[in-house]
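Biologist: Before I rely on the terms used for this protein, I should like to hear the reasoning behind them. Would you take me through the model?

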Amino acid sequence: MPEREEMAQNKYLAPIAHRFLRSELWRFTRRSVPRGVALGVFAGFIIPLGQIFLAAFLALPARANVPVAALITFVTNPFTLPFWLLVANKVGQFTLKIDPDAMGNAKSALEQGWWAEFGWWLQTAGVTAFGFVVLSIVGAAISYLVASFLWRLVVARRWERRPGRRRLPPAGE
């Protein structure tokens, strides 16, 4: 992961560096980290290439943590892509509930002529693309909630372990 100073010296980021390198976008806070996680999951599933750049640019208006958003996009990488393609296809089929017999004229048009060669591919690609859209939206919402919960859990445990923290006796004593 590039450092903040390295990104400041990048010639391609120079026009937007003043916005992109604001310190609040690089701090780990209870609001910015869950936003970064959600944007990273969203960008990771919504497009196959350029996910890190999309997550970083979405983090600007959302005031999300830029490094977290960029790092979380690696949930979809070349090693896990076959798995996510299968999951997206199954989610798309479940969501759309495609029944080949219900397609009517569209099915007969796809089975004739030069469309016959591409019909299966078009249907599979469309269902899979829709599955990725569903995964990106639902995954972002779930990851935001999980990251918020984990952040509060970690902070509460650290707060309890602080030295000098006076513990209250149980009620009734």
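The exchange below concerns the predicted model shown above.

Biologist: What is the make-up of the protein in helices and strands?

Modeller: The protein has eight helices and zero strands. From the N terminus on, its elements run α-α-α-α-α-α-α-α. Of its 173 residues, 28% are buried.

Biologist: Why is Phe149 called exposed?

Modeller: Exposed means over 50% relative accessible area. Phe149 has 55% relative accessibility, so Phe149 counts as exposed. Its place is in helix α8, residues 115-161.

Biologist: Which residues form the nonpolar patch on the surface?

Modeller: Phe149 is one of them, together with Val133, Ile137, Val138, Ile142, Val146, Leu150 and Leu153. Their accessible area together is about 690 Å². Nonpolar side chains are joined into a patch within 5 Å, and a patch residue must have over 30% relative accessible area.

Biologist: What is the volume of the largest pocket, and which residues are the closest to its centre?

Modeller: The largest pocket has a volume of about 260 Å³. It is lined by 16 residues, of which Ile47, Pro48, Gln51, Thr76 and Leu81 are the closest to its centre.

Biologist: Which helices each supply at least two residues of that lining?

Modeller: They are α3 (32-46), α4 (51-62) and α6 (81-96). The largest share, three residues, comes from α3.

Biologist: How do the lining residues of the largest pocket divide into nonpolar, polar and charged?

Modeller: The lining has 11 nonpolar residues, five polar and no charged. Asp, Glu, Lys and Arg count as charged, so none of these lines the largest pocket.

Definitions and conventions:
Residues are numbered from 1 along each chain as its sequence is written. This is a predicted model: local features need pLDDT of at least 70, side-chain atom pairs count only at pLDDT 80 or more; totals for chains, interfaces and linings use all residues. Side-chain values use heavy atoms; hydrogens and water are left out. Patches are made of residues with over 30% relative accessible area and no salt bridge: like charges are joined within 9 Å, nonpolar side chains (Val, Leu, Ile, Met, Phe, Trp, Tyr) within 5 Å. Accessible areas come from the Shrake-Rupley method with a 1.4 Å probe; for residues, only the protein chains shown count as cover. A salt bridge is a side-chain nitrogen of Lys or Arg within 4 Å of a carboxyl oxygen of Asp or Glu. Helices (H or I, at least four residues) and strands (E, at least two) are DSSP runs, numbered from the N terminus. Buried means under 20% relative accessible area, exposed over 50%, partly exposed in between (1.4 Å probe, protein chains only). On a 1 Å grid over the protein atoms alone, a cavity is a set of points where a 1.4 Å probe fits but cannot get out, and a pocket is an open set with protein on both sides within 12 Å along at least five of seven lines; lining residues have an atom within 4 Å of a point. Grid points are joined across faces, edges and corners, and a volume is the space filled by probe spheres set on the points.
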